[in-house]
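Reader: I've got this model open on my screen and I'd like a close look at one part of it. Could you pick a strand and walk me through what surrounds it, starting from the whole chain?

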Amino acid sequence: MILTSKTVKMRLVEESDAEFIVGLRVDEKYNKHLSAVTGDVEAQVNWIRRYKADEADKLQFYFIIERLDGTRCGTVRIYDIVGDSFCWGSWILNEEKTKYAALESAFLVYEFGFEELKLSKSHFDVRKENEKVISFHKKMGAVKTGETDLDELFEISKKSVLETKQRLSSKLL
């Protein structure tokens with residue numbers, strides 16, 4: 001499965017992506033707001049193998065974000081599918097990303113959740129100190145629903161995403 005936008009595409013992760021993923025997750029430029037990992041490529045391969053069973057059961061989906069020329073530039077994961085809502089995270093974009101990769105990949109995540117999975121909203125958490133990402137989600141139309149010691153909790157509806165996509169269509173088409 002490949003989801004495509006103007007300058008990026010997303011495909012489901014494969015075992016061959018393990019080294020790329022570990023490289024992103026251990027890089028201090030990108031991991032400040034993520035849960036810690038060991039940096040062990042073999043452990044990541046094993047995680048991907050276990051994950052593929054969840055993917056087959058439609059419990060979670062882990063994507064590699066690529067530029068249209070095939071250069072890998074990030075990851076994103078859809079998980080915690082409950083009722084009519086899905087969570088997404090593990091969103092990392094590296095320096096190979098395109099100018100609008102964040103916006104495009106977010107809309108691809110929502111397209112997958114709303115169109116492919118037929119869900120009507122998304123819930124997610126963002127580390128409180130991750131002000132840029134909090135601002136991004138609020139501009140997308142997300143509403144804060146609560147907080148924990150570490151995170152702000154958000155929800156966004158399909159309607160809000162579609163309205164934002166329409167407003168920003170010049171950047172996406």
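Author: Let's start with contacts across the whole chain: among those between residues at least 6 apart in sequence, 58% join residues at least 24 apart. Keep in mind that this is a predicted model. The chain has 6 helices and 8 strands, and read along the sequence they follow the pattern β-β-α-α-β-β-β-α-β-α-β-β-α-α. A compact globule with 173 residues would have a radius of gyration near 16 Å, and the chain, at 15 Å, agrees with that. Along its principal axes, the C-alpha trace spans about 40 × 40 × 35 Å. As for burial, 45% of the 173 residues count as buried.

Now zoom in on strand 5, residues 85-93. This one is mostly covered, with 9 of its 9 residues buried. One of its partners is strand 4 (residues 72-82): the two run antiparallel, and 6 bridges join them. If you want a spot to click on, Gly74 stands opposite Leu93 in strand 5. The hairpin these two strands make has 2 residues between the strands, and Gly83 there takes a positive phi near 60 degrees.

Strand 6 (residues 121-127) is another partner, but here the strands run parallel and are joined by 3 bridges. In this pairing, Cys87 stands opposite His123 in strand 6. To get from strand 5 to strand 6, the chain crosses through helix 3 (residues 101-116), and this β-α-β crossover is right-handed.

What about the core? In soluble globular proteins, nonpolar side chains tend to be buried together. The largest nonpolar core in this model has 47 residues, and those with the most contacts inside it are Phe63, Ile78, Trp88, Tyr110 and Phe124. Helix 3, the helix of that crossover, gives the most to this core, with 9 residues. Phe63 is a nice one to display with its surroundings. Beyond its neighbours within four places in sequence, Phe63 is in contact with residues including Leu3, Met10, Val13, Val76, Ile78 and Phe112. Gly74, which you've just met opposite Leu93, is also among the contacts of Phe63.

Helix 4 (residues 131-140) also belongs in the picture, since its buried residues pack against strand 5, helix 3, strand 6, strand 8 and helix 5 (158-167). Which residues of helix 4 are buried? They are Ile134, Phe136, His137 and Met140. These cover an arc of only 160 degrees around the axis, so they sit on the same side of helix 4. Turn to the face pointing away from that buried side and you'll find the exposed residues Glu131, Lys132 and Lys139. Just after the helix, Gly141 takes a positive phi of about 115 degrees.

For a contrast with the covered strand, have a look at Asp149. Its place is in the loop between strand 7 (143-147) and strand 8 (151-157). Asp149 has a relative accessible area of 78%, so it counts as exposed, the cut-off for that being over 50%. Asp149 and Arg127 are 22 residues apart in sequence, and their C-alpha atoms are 9.2 Å apart in space.

Conventions:
Residues numbered from 1 in each chain as written. Predicted model: local features only at pLDDT ≥ 70, side-chain atom pairs only at ≥ 80, totals over all residues. Heavy atoms only, no water. Buried < 20%, exposed > 50% of the residue type's maximum accessible area, 1.4 Å probe, protein only. Helix = DSSP H or I, 4+ residues; strand = E, 2+ residues; numbered from the N terminus. Pairing = 2+ DSSP bridges. Right-handed = clockwise from strand over helix to strand, strands pointing away. Core = buried A, V, L, I, M, F, W, Y, C linked by side-chain atoms within 4.5 Å. Contact = heavy atoms within 4.5 Å. Arc of directions from axis to C-beta. Rg over C-alpha atoms; globule rule 2.2 N^0.38 Å.
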